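Q: Could we go through this structure together? I would like to begin with the polar contacts.

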Amino acid sequence: TGSGTGLFYIDAAFRLHKHEASVVGTYANRMVHSESHQIVIGPHLIDTEGRVRTFTDLVNVRLTATCRHLTDPANKVYFVGMEGEFIEADVHTLKVTQLADLTKVLGLSGKTAPHFKDAFTNHGRVVVANNSYYPRDFDHPELCDGRLAEWDGKTWTVIARTQMNTVQGRADANH
């Protein structure tokens, strides 16, 4: 559950403080949302003045990735949760909508725990990675629940069935 974690800041005297808006959880996602002049850290949005707002609906999701929205990048982002939650969120209103359960749309067997790790958007696609790391994955690759998959806004396509830990690409020159 991320015990001992949270959102911290360092004051002018270099003292570490836990932010009053901090929530405890397992969050590995980070993103600069240049259009709204905010950064995303866990379920928090932090603007250039240091104001913190929190997606309260995401506090209990183990967030592993945040990436650009395909059709409304000025106002929305996508989040991926470790258990396969694929979520659209508005960076202004904080409205959250779960778009998919990646364990189902990507055909994970259910015999292993999902372990979604990362996502990235570019060239009109969202690419996600799931890290399956069980012995059977090495003995029987055809049964592997690891996935590299892409979504074009309509259809999910599995690119590879193997363990994946991260995805990244060259960012758009404007972001």
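A: A polar contact is a pair of N or O atoms within 3.5 Å; within protein, one must be able to donate a hydrogen and the other to accept it, and residues adjacent in sequence count only if both atoms are side-chain atoms. This is a predicted model, where local features need pLDDT of at least 70, side-chain atom pairs count only at pLDDT 80 or more, and totals for chains, interfaces and linings use all residues. Residues are numbered from 1 along each chain as its sequence is written, and side-chain values use heavy atoms, with hydrogens and water left out.

Q: What does the side chain of Asp118 reach at 3.2 Å?
A: The side chain of Asp118 reaches the backbone nitrogen of Val167. With the side chain of Thr166, the Asp118 side chain makes a polar contact at 2.5 Å.

Q: And which side chain of opposite charge is nearest to Asp118?
A: That is Lys117, 9.3 Å away. Asp118 is buried (under 20% relative accessible area, 1.4 Å probe, protein chains only) and has no salt bridge, meaning a side-chain nitrogen of Lys or Arg within 4 Å of a carboxyl oxygen of Asp or Glu.

Q: Changing topic, how many aromatic pairs are there?
A: The structure holds six, counting rings of Phe, Tyr and Trp (its six-membered ring) whose centres lie within 6.5 Å; planes under 30 degrees apart count as stacked, over 60 as edge-to-face and the rest as tilted. One of them is edge-to-face because the rings of Phe55 and Phe79 have their planes at 75°, with centres 5.4 Å apart. Phe55 and Phe79 are 24 residues apart in the chain.

Q: Is Phe79 buried or exposed?
A: Phe79 counts as buried, at 0% relative accessibility.

Definitions and conventions: Buried < 20%, exposed > 50% of the residue type's maximum accessible area, 1.4 Å probe, protein only. Lys, Arg positive; Asp, Glu negative; His and termini not counted. Helix = DSSP H or I, 4+ residues; strand = E, 2+ residues; numbered from the N terminus.
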